[in-house]
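Reader: I am new to reading structures. Please pick one part of this one and take me through it closely, step by step.

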Amino acid sequence: MGVNKNFVVKNGIEVNTNLVFADATNNLVGIATTTPTSTLNVVGGIGATHLSVTGVGTFDQDLKVGSSATTFSALGSSGLVGVGTASPAYLLDVRAEVSTGSTALFVQGDAHITGDLNIDDIVLDQATINQLDVTGIATISKLGVTGLTTTTDLLVSGMTTTGRLVVSAGATIGAALTVGGNLDVNGTTATIGTGITANATGINVTGVVTA
C-alpha cells in the first residue's frame, strides 16, 4: 500500500504484540515493549552503522567496544575499565598485545601518582630526580650523581666516577679501586688488598692498617 500524503495517527498505534507501540498521550515510542519510558524505548539489540549522541549517554550495565570487547570495556557490575582487554582486573587495566616492546600507555603531559608505583622493568631516556631513597639492594651499571645520595646497598658492576663517596657502614669492593686524590681512612682498621692503586700525594690513615 502506497501513501502519497502524510499518514496521521491521533490515538496511538500498535503493531503486532510488543513489536511497535506508540503512546500518543505521552509522545513515547516502544520497540518490543508496550510500556516505553523514554522517547524511544527499545527492548533488545539495536543495529546501526552510525550512532550520534549529542546529550549524555548512560549505560546501566556494560559498555564494550571492538571485537569481543578487547578494544575497550567498562564493566558496570564491578566498576572496572579495561583497555586492550575484555576482562580487566584493576580499576583501570591497560594491556598491549605483548608484554614487552609495545607501548601500552602514552601520557603527553604530567602524571601525578599519590600511591605506590610498582615497576617490573624501567627504562629512562632522561630523568631528573630530586630525591631517590633506596631501602633495598640496587644494582646499577652506570650512575651519575651530582648531589648527595643516600642508599642502603649500592652494587656497581661497571666503571663509576664519583667526586665524593661517603660510606657510613661496611663497603666491599670486588674490583680495583683507583683513587685520584687523597684517601682518608678514619676508622680503627683499614684492610688493604692487592687491588688498590693510589695516584695521589699520600694516603692518610688515622687508625690501624692491615695490608
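Author: Start with a single pair. Phe21 has Gly30 as its bridge partner, and Gly30 sits in β3. Keep in mind that this is a predicted model.

Now follow the two strands around that pair. β3 covers residues 28-31, and four bridges join β2 to β3. The two strands run antiparallel. A second pair can be named here: Asp23 is matched with Leu28 of β3. β2 and β3 make a hairpin with four residues between the strands. Look at Asn27 in that hairpin: its phi is positive, near 60 degrees.

Next, look at β3 by itself. Which of its side chains are buried? Leu28 and Gly30 are, and they point to one face. Val29 and Ile31 point to the other face and are not buried. The side chains alternate along the strand. So Gly30, the partner of Phe21, belongs to the buried face of β3, because relative accessible area under 20% counts as buried.

β3 has another neighbor. It pairs with β4 over three bridges, this time in the parallel sense. In that pairing Val29 stands opposite Leu40 of β4.

Put the strands together. They belong to an open sheet of four strands, in the order β1-β2-β3-β4, with mixed pairing. β1 and β4 (40-42) are the edge strands, and each pairs on one side only. From one strand to the next, the twist averages 10 degrees.

Step to the loop before β2. Thr17 lies there, between β1 (13-15) and β2 (20-23). Is Thr17 buried or exposed? It counts as exposed, because its relative accessibility is 64% and the cut-off for exposed is over 50%. Thr17 can also be placed against Thr34. The two are 17 residues apart along the chain. Their C-alpha atoms are separated by 8.4 Å.

Now widen the view. The protein chain has 16 strands and zero helices. It has 211 residues, and 9% of them count as buried. About 18200 Å² of the chain is exposed, with carbon and sulfur atoms supplying 52% of that area. Consider contacts between residues at least 6 apart in sequence: 0% of them join residues at least 24 apart.

Two places farther along the chain deserve a stop. One is a salt bridge. Side chains of opposite charge can pair when their charged atoms come close. Arg95 and Asp93 form such a bridge, and their closest N and O atoms are 2.9 Å apart. The structure holds one salt bridge. How do its two ends compare for cover? Asp93 is buried, because its relative accessible area is 6%. Arg95 is partly exposed, at 41%.

The other place is a nonpolar patch on the surface. Ile113, Leu117, Ile119, Ile122 and Leu124 form it. Together they have about 510 Å² of accessible area. Take Ile119 as one of them. It lies in the loop between β8 (92-94) and β9 (134-140). Ile119 counts as partly exposed, because its relative accessibility is 43%.

Go back to the opening pair to finish. Phe21 and Gly30 are bridge partners. They are part of the antiparallel match of β2 with β3, and β3 then pairs in the parallel sense with β4.

Notes:
Residues numbered from 1 in each chain as written. Predicted model: local features only at pLDDT ≥ 70, side-chain atom pairs only at ≥ 80, totals over all residues. Heavy atoms only, no water. Patch = residues over 30% accessible without salt bridge, like charges linked within 9 Å, V, L, I, M, F, W, Y side chains within 5 Å. Areas by Shrake-Rupley, 256 points an atom, 1.4 Å probe, with all protein chains shown as cover. Salt bridge = Lys/Arg side-chain N within 4 Å of Asp/Glu carboxyl O. Buried < 20%, exposed > 50% of the residue type's maximum accessible area, 1.4 Å probe, protein only. Contact = heavy atoms within 4.5 Å. Pairing = 2+ DSSP bridges. Axes fitted to C-alpha atoms, helices over the stretch in contact; angles between N-to-C directions.
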